[in-house]
Structure formats: C-alpha cells, structure tokens
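Here is a short round of questions and answers for a newcomer. Look at the structure, then read on.

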Amino acid sequence: MILLPAIDLKDGVPVRLYRGDYDTVERVAGDALETARRFEETSARWLHMVDLDGAKAGKPVNDGAILTVRRGTGLNIEVGGGIRDRSAIEYYLENGVNRVILGSAALSDPAFVREAASAYGKRIAVGIDARKGLVAAEGWTSQSEVDYLEMAKRMEQAGVRYLIVTDIDTDGMMSGPNLMMLDKVNRAVSCSVIASGGVSSLKDIVDLNNLGLYGAIAGRSIYNGKLDLRAALAACQHLSAKGNLSRAELEDQLERYFLKSELIPAVVQEAGTGEALMLAYMNRESMAKTLETGYTWFYSRSRQCLWNKGATSGHVQKVVEIDADCDDDTLLVKVIQTGAACHTGNHSCFFKEIFKA
C-alpha cells in the first residue's frame, strides 16, 4: 500500500478543513513547495494536492502553486479540484502532473469521464466523496441522491482505474477511516481504491492494508504530529514487502526510473563477493518481470525484445537486492549467480584488463 501526504490549497497556501467545511479553514504550513520538499525528504513518493478554491470555482485557481511544487520536487503528484473539462486535464498532464482527479464532473457528466479514462488511462482518478452514504459535489457544498457504491460501479464501467473514496464525516477529524465503507467499495469494484479521511495512526495504516486497498491519504494528522510520516511510510513499505504488490503499486514503483529514458542501465553485481558481473538494460516491462519473478529480465537493444538471463544456459541470476543511484537513472542489481554470467564462459563479463596500477 502507498501513503500519499496531502496538501490542500486555499488562497495559495496549505490549509486543512474539518469535514469539508470551508468555514473551518486552518492554515497548516507556510509554503506548499517547502512542505512538499519536507515530505520528499521523508521518502514519500506520491503527493495528493487539492485546489479547494478551484473545487468551488469549477476551474483551476491554485494551479500556479501546484505547478511550482511539480517543478521543484521529484514526487509523483495527483491533483484534484476544479478539473471539469478536457482542457484542464491536458493543462495539468502536459505540465508534468502524474494523475488528475475528477470529482463533480464525474457526477454531472459521466460521458466526459468515460472519454477521459479512454484517452488518458491510469492518469485519471475519480474522487467519490460521500456524506451519509450519498455522493457530494462542488467542493462538498452540494449533496446528490446517488449512493457511493452505485457511483463506484458507474466509474468502473466508465473505465476508471483509480478511485479516491472519502467519508466526509471523518475528514480532518483524526478519528480513523470508515473501514466498513472502504471495504464495501473495494469489494464491489476492480478499481484501485485510495482511502481518504480520518487516517491518523499506524493502526489505521495496518487496517487499510489488511483491507487490500491500494493507498491512503493523510493530511491533518501529519501536520499536527499525531502521525509520523517517516514511520508511516516505512510501515507501508514493510507491509508491501510482506505481501504481493498489486499491478498498480508496481507501476508506481517503476514510474520514477523511466522519466528520462525508456531504457535504464543495470549493473549486475554478485551479492556474496561484490564482483561486477555484467551490464545490461531494462525497460519498464523487464523491470516489472524482474520484480515479479525474482530473477533478472532485461531488454535487448539489438533484438528489441525481452530476455531472461539463463533461460537457455541455466545460468540464472536470483535477485537479492536492487538499488538505484542518486539520480534514479541507473540500477545496481545484486544477485546470486548460477554458473557463468558471460556468454564466453567467464564468470564475469569484465575480464579484459586494460589498466592496473
């Protein structure tokens, strides 16, 4: 499960609300970029941002602050609030936002959501915000008669892959998420469900993970110190390591390594001795197969296809650990090597000595 710290923006600064009530607005940080960088320093990979003014206006209002965060950090960012037409979607996506959240538009214009999901795939999420089981809209200022489960099923049918589900009565209250509501949604649809509202403790993280949810959003509890973000992120990583990653979580892990290029060099090192064995290249698919199978898969630039090390020779490489360099554009893959790593029969491909002091 992934954890997304939240930055809600009103008048350009981070704030929090109680139960979505704009009259309860409270400033929680001085600057959005500074706050996002603090989150990134604690090893957060995703950031949830909401344009509260935009949600009421029906168009982006705090987009300047949002894009400043986009340019100033390496975080994956999802944005909601005021995204009601295709031009707003394209504006954010073309400026580097990873995922946009449709809210009121999903309720009022389902055809638009279907078109957006078809055009942009996993870069579209829908927010389902419910009060007493009924979906709210317009920045939570209006109430519909649509049941939240019915809404979730409609969005699944429209091709939406991510749902952000909020029980408004728990939002900002730090009383714990509505587990029954979230469990019902997660069981009812195949979408990846992100919990929002009430997340305030490590127990909440464990409970949500046990439901099999894709992710959770935390806001007020981080700002007031009740939830230690670093510890919560470590808990999520530990819980994910114990269980099988969903395809969506796996795709998130891969996202950051292929921002600069479709291929990334992978230096393969023998785990026991530290000896460099070979250099190969990975694309998203080969890295995904490596993570899924526990054995090395690479991409052949000459043959333009995937290849599994040792598939014909039996000289397989069991992966022990994978590390990224400081720029996230080179991998160090530590393996247990069976037999020779090089096609020449040498244990390592690096056997031609050029210089030795």
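Q: Which strand do five bridges join to β11, and how do the two run?
A: This is a predicted model, where local features need pLDDT of at least 70, side-chain atom pairs count only at pLDDT 80 or more, and totals for chains, interfaces and linings use all residues. Residues are numbered from 1 along each chain as its sequence is written, and side-chain values use heavy atoms, without hydrogens and water. Strands are DSSP runs of E, at least two residues, numbered from the N terminus, and two of them pair if DSSP finds at least two bridges between them. The partner joined to β11 by five bridges, running parallel, is β10 (residues 162–167).

Q: Which residue of β11 is the bridge partner of Thr166?
A: Look along β11, residues 192–196. There, the partner of Thr166 is Ser196.

Q: Which residue in β12 stands opposite Ile194?
A: Three bridges join β11 to β12 (residues 215–218), and the two run parallel. Opposite Ile194 in β12 stands Gly215.

Q: Why is β11 largely enclosed by the rest of the structure?
A: Buried means under 20% relative accessible area (1.4 Å probe, protein chains only). Ser192, Ile194 and Ser196 are buried on one side, Val193 and Ala195 on the other. The strand is largely enclosed because its buried residues number five of the five.

Q: What share of the residues of the chain count as buried?
A: The chain has 357 residues. The buried share is 51%.

Terms used. Buried means under 20% relative accessible area, exposed over 50%, partly exposed in between (1.4 Å probe, protein chains only). Helices (H or I, at least four residues) and strands (E, at least two) are DSSP runs, numbered from the N terminus.
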